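User: I would like a close look at one part of this structure, followed outward into the parts around it. Please keep the account connected.

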Amino acid sequence: QVQLVESGGGLVQSGGSLRLSCAADGFIFRGSDMAWYRQAAGNQRELVAGISGGGTIKSAESVKGRFTISRDNAKNTVALQMNSLKPEDTAVYYCKAEEYRNGARFEYWGQGTQVIVSS
């Protein structure tokens, strides 16, 4: 059974830092593309940062220079280090995996972790 379990969310003051972690299980993590998305109240879910199975990284313009995505293939985890947080970063953050197997693409999502940045 596929599982993506996020942790590390919480309440932080503007300018502070949080580190989100996503623990993956039930699929082949090493070759999968991983990403963090977020969804603020009333908004659509948006990509925050992604890291491919080969280590290629992409980030939203709004978080460049502040957020860093990384993965540990030995531990099947992907992390999002968030620095210089702003109130507009407040959202539920979701971990997403894209697994490619036997010519097919499979997409998995975690349940999300809430991040609240107070001004």
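Which residues does glutamine 13 touch, not counting residues up to four places away in sequence?

Analyst: The model is predicted. Glutamine 13 touches Val117 and Ser118, once residues up to four places away in sequence are set aside.

Start with the residue itself. Glutamine 13 belongs to strand E2, which covers residues 10-13. Its relative accessible area is 62%, so glutamine 13 is exposed. The cut-off for exposed is over 50%. Serine 70 offers a reference point along the chain: 57 residues separate it from glutamine 13, and the two C-alpha atoms are 24 Å apart.

Now the two partners. Val117 and Ser118 both belong to strand E11, residues 113-118. Side chains alternate along this strand. Thr113, Val115 and Val117 point to one face and are buried. Gln114, Ile116 and Ser118 point to the other face and are not buried. Glutamine 13 therefore touches one residue from each face: Val117 and Ser118 are its contacts, and they sit on opposite sides of the alternation, with Val117 buried because it falls under the 20% cut-off.

The strands themselves are paired. E2 and E11 run parallel and are joined by 4 bridges. Within this pairing, leucine 11 stands opposite isoleucine 116 in E11. Isoleucine 116 is on the face of E11 whose side chains are not buried.

E11 has a further partner. E9 and E11 run antiparallel, with 3 bridges between them. Here tyrosine 93 stands opposite threonine 113 in E11. Threonine 113 is on the buried face. E11 thus appears in a parallel pairing with E2 and in an antiparallel pairing with E9.

Follow E9 next. Strand E9 spans residues 91-101 and holds glutamate 98. With 16% relative accessibility, glutamate 98 counts as buried. Its side chain makes a polar contact of 2.7 Å with the side chain of tyrosine 100. Beyond four places in sequence, glutamate 98 is in contact with Ser32, Asp33, Arg105, Phe106 and Glu107.

Glu107 leads on to a charged pair. The side chains of glutamate 107 and lysine 96 meet in a salt bridge, 3.5 Å from N to O. The pair links distant parts of the chain: glutamate 107 is in strand E10, lysine 96 is in strand E9, and their positions lie 11 residues apart in sequence. The two ends differ in exposure. Glutamate 107 counts as partly exposed at 38% relative accessibility, whereas lysine 96 counts as buried at 8%.

E10 also carries an aromatic residue of interest. The structure holds 4 aromatic pairs. In one of them, tyrosine 37 and tryptophan 109 are edge-to-face, 5.0 Å centre to centre with 65° between the planes. Tyrosine 37 is in strand E4 (residues 33-39), tryptophan 109 is in strand E10 (residues 104-109), and the two are 72 residues apart. Tyrosine 37 is buried, at 17% relative accessible area. Tryptophan 109 is partly exposed, at 30%. Tryptophan 109 also pairs with tyrosine 94: the ring centres are 6.4 Å apart and the planes are at 80°, so this pair is edge-to-face as well. Tyrosine 94 is in E9 and tryptophan 109 in E10, so the pair ties together parts 15 residues apart in sequence. Tyrosine 94 is buried, at 13% relative accessible area.

Arginine 45 meets both rings. Its charged end sits over the ring of tyrosine 94, 3.7 Å from the centre. It also sits over the ring of tryptophan 109, 4.7 Å from the centre. Elsewhere, ring pairs link Phe27, Phe29 and Tyr108 into a cluster.

Last, the charges around E4. The structure holds 9 salt bridges. Arginine 38 and glutamate 46 form one of them, with 2.7 Å from N to O. Arginine 38 counts as buried at 7% relative accessibility, while glutamate 46 counts as partly exposed at 37%. Aspartate 89 and arginine 38 form another, at 2.9 Å. Aspartate 89 is in the loop between strand E8 (77-82) and E9, arginine 38 is in strand E4, and 51 residues separate them. Both of these residues are buried. A network of salt bridges links Arg38, Glu46, Arg66 and Asp89.

Methods: Residues are numbered from 1 along each chain as its sequence is written. This is a predicted model: local features need pLDDT of at least 70, side-chain atom pairs count only at pLDDT 80 or more; totals for chains, interfaces and linings use all residues. Side-chain values use heavy atoms; hydrogens and water are left out. Buried means under 20% relative accessible area, exposed over 50%, partly exposed in between (1.4 Å probe, protein chains only). A polar contact is a pair of N or O atoms within 3.5 Å; within protein, one must be able to donate a hydrogen and the other to accept it, and residues adjacent in sequence count only if both atoms are side-chain atoms. Contact means heavy atoms within 4.5 Å. Rings of Phe, Tyr and Trp (its six-membered ring) pair if their centres lie within 6.5 Å; planes under 30 degrees apart count as stacked, over 60 as edge-to-face and the rest as tilted. A charge sits over a ring if NZ of Lys or CZ of Arg is within 6 Å of the ring centre and within 35 degrees of the ring normal. Two strands pair if DSSP finds at least two bridges between them. A salt bridge is a side-chain nitrogen of Lys or Arg within 4 Å of a carboxyl oxygen of Asp or Glu.
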